[in-house]
Amino acid sequence: MELNLYHLNASAPAPLKAGVVELSNDADPLELALEGVNSVRLYFPKFTDGRAFSQAVMLRKRRGFKGDICATGEVLIDQLIQMARTGFTSAELRADQDIEHGKRLLKHFKGFYQGDVINPKPAFARTDA
Amino acid sequence: MVLPKSNMYQYTPFDREFIRDRALQFRDQLNRYHAGKLSSDEFKPLRLQNGWYVQRYAPMLRVAVPYGELSSAQLRVLATIAREFDQPSKELFEHAQAMQDKIGTASSAATIPSPRLVKGMAHFTTRQNVQYNWIPLDKSADVMDLLASVDMHGIQTSGNCIRNITSDERAGIAPDEIADPRPYAEILRQWSTLHPEFAYLPRKFKIAVTGSTEDRAATAWHDLGLQLHKGKDGNLGFKVLVGGGMGRTPLIAPVLKEFLAANEVINYIEAVVRVYNRWGRRDNIYKARIKILIKAERERFAQEVDAEFERIHKEDHAPHTITDKELARVSALFEVPERVRSNQGVISSLTSIEQPALAGELANGFTRWLKQNVSAHKLDDYRIVTLSFKRRGQAPGDATAEQLELAADLCEKFSCSEVRVTHAQNLVLPWVHKKDLHSLWLAAKEAGLADPNIGLLTDMIACPGGDYCALANARSIPVAESITERFKDLDEVLDIGPVDLHISGCINSCGHHHSGHIGILGVDKDGQEWYQITLGGSDGSNLGGVSTPGRVVGPSFSAHEVVGVIEEVLTFYTQNRLELEPFIDTLKRVGFESFKGVANAARLSRAPADAMTS
């Protein structure tokens, strides 16, 4: 899964299109109606608020959601790696964020110990194969 | 020089590349911070998750020591960092000392002598880590590279994430061990390292693992405590305690699961942390720890964890179930060292500890050290030796570069190149043959690390406090020093016997004051330093009994009253104890109120209204 990066246009926020839903930070993704939904927007009120990471994991793993999951709110390049690994497919970055640098950061690590949305098995189970 | 391999986890090429990449990532973040591309607020959680704090005068680095285990090669690099990097500029150091001197004069109550600030020093923490107080931030990336050269880092030693995992300092060597907890601690370390979903939890999350009948890791005081034990069918599993913690609201973790199959431990913790990530409070940092959630909603929390654990199995197919192969791979690295295996039982002619003819004073010193600092080992011919970092003239747990190197020499010569950092801020040598005890004692004495005070009053725990820490309300080190000086007579300290004395400079409780048989907590009232004293706390070890926070003795005391109060409380104990009854047992038998009365009678002046009650 690729993480699609773009800048938030704060002066002219686009109205929500059909098929796009916003899920509030304290809502349970297991209860979200997903019929006809192409994109779920998850919100980071602060970049240090990690609830949306769990929400994205639930949407992918438990709901089998295949559409876009977009990170909104305070989205900074240093959290992109967590977003990519928890199942986000797009990120609406704050205007001052360097997208090219963000792309480099996404490729920084060659691998991780624990499983995630992209590679559900942990490293120890992968080497078993 | 190729050093002998210790019997500890050996990094794979993947592990090594991973921490090098982590060090590079940090260098990039630091560069962007210096270039103004990352604000202080945005850099803060990034540096914290690499162990970098900003303290009173300088940054502080906390180096991770997973479950307290270190090789001699790592000790030597820690020494190098102390010598070469824990060095503030002359101006900064003088400025800091001048500011500290002002505290001394501004506070009329602080009439006790205050030691000078120190540099070129490492400090052992109550979570088995190592801290430095003076490394300039612009050198931080170089230090991370140096640490990575010996498979070390500062990953997740701070921040609102799963912190470095602690364990029993006697893991793998204790006679009362059911199973070695280190393979599980290591597997959990790997799983929790840079976990994408749990990098920004409501608050920090601390895990401790133990595998013995005695709890030497204070597991019930942790966000999550794991105790290995055998189930009815003889299979290995964990008792899982969730929701303990110190701080403003000291709470003992209740048992959330009586028996969890050992290979399920990651799956279960994933469920616990996911539920916590969703429901933990984010509006008030003092109510954000998991203990608050458990206290308020334990039943519901347990139900949600069970439901989530079931979904991890049914829907995700539990991918993190620990495989036999992985457990075998990691366990093999913690086996008894070859040198020990080949020695064990061979020197059978030595039925007792070698003790050359010693006269009077010297013989007495060795005997005391054997009794106090040397413990039984799971192997008959071996002993567990604690090097004491509690001595006059140095803060509890402080070690100079030279002392770290001396400790490295000792562990290379006598302990298969391995040491353990203890939560009581000392170092343990895990593999000492009994025939070597006398030579080791002589060498440790020479190095100044053989004070026979382990477990005694002067083996006190203390945080760095207001001399270094920006969070502290009061200084810990002058109080620790005044007690050390008052009780410098070893005969008296031996007569008093085992006492856990714990000192914290603020309610964050890094000095574990809540769990001390005697606890001292620094509080700030109208800009002055005062100290609240608690009695009867326990860390859950056999001596202290069931984990419990100590009870507060009246209003706070001034710094110069503290020593007198401790003295009166201990005198009352020695007058009232039954034969061989330790302090904590007399306190329980005679009762808190009697001891409280004695402590309050030692009050010299009346403290202003207690700020902590607000």
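User: What radius of gyration does chain B have, against that of a compact globule with 614 residues?
Analyst: This is a predicted model, where local features need pLDDT of at least 70, side-chain atom pairs count only at pLDDT 80 or more, and totals for chains, interfaces and linings use all residues. Residues are numbered from 1 along each chain as its sequence is written, with chains lettered from A and ligands numbered from 1 in the order in which they are written. The radius is taken over C-alpha atoms, and the globule rule is 2.2 Å times the number of residues to the power 0.38. For 614 residues a compact globule would come near 25 Å, which agrees with the value for chain B, 24 Å.

User: What share of chain B counts as buried?
Analyst: Buried means 20 or more other C-beta atoms within 10 Å of a residue's own; exposed means 12 or fewer, and partly exposed lies in between, with C-beta atoms placed from the backbone. Of the 614 residues of chain B, the buried share is 56%.

User: Which domains of chain B does the largest nonpolar core lie between?
Analyst: A nonpolar core joins buried Ala, Val, Leu, Ile, Met, Phe, Trp, Tyr and Cys residues through C-beta atoms within 7 Å. The largest has 120 residues, and B:Leu78 and B:Tyr531 are among those that touch the most other members. Helix α16 (residues 559–576) of chain B gives the most, 8 residues; helices are DSSP runs of H or I, at least four residues, and strands are runs of E, at least two, numbered from the N terminus. Two domains, with bounds from an automatic or database assignment, both give residues, so the core lies between domain 1 (13–148) and domain 3 (461–613).

User: Which residues does B:Leu78 touch, not counting those up to four places away in sequence?
Analyst: Contact means C-beta atoms, placed from the backbone, within 7 Å. With that sequence limit, B:Leu78 touches B:Ala122, B:Val130 and B:Leu404.

User: How many residues of domain 3 of chain B are in contact with domain 2 of chain B?
Analyst: The C-alpha centres of these domains lie 30 Å apart. Domain 2 brings 12 residues to the contact, and domain 3 brings 13 residues.

User: Which helix gives the largest share of the side of chain A that touches chain B?
Analyst: The contact takes 29 residues from chain A and 30 residues from chain B. On the chain A side, α1 (51–61), α2 (80–86) and α4 (123–126) each supply at least two residues. The largest share, 5 residues, comes from α1(A).

Definitions and conventions:
Two residues are in contact if their C-beta atoms, placed from the backbone, lie within 7 Å.
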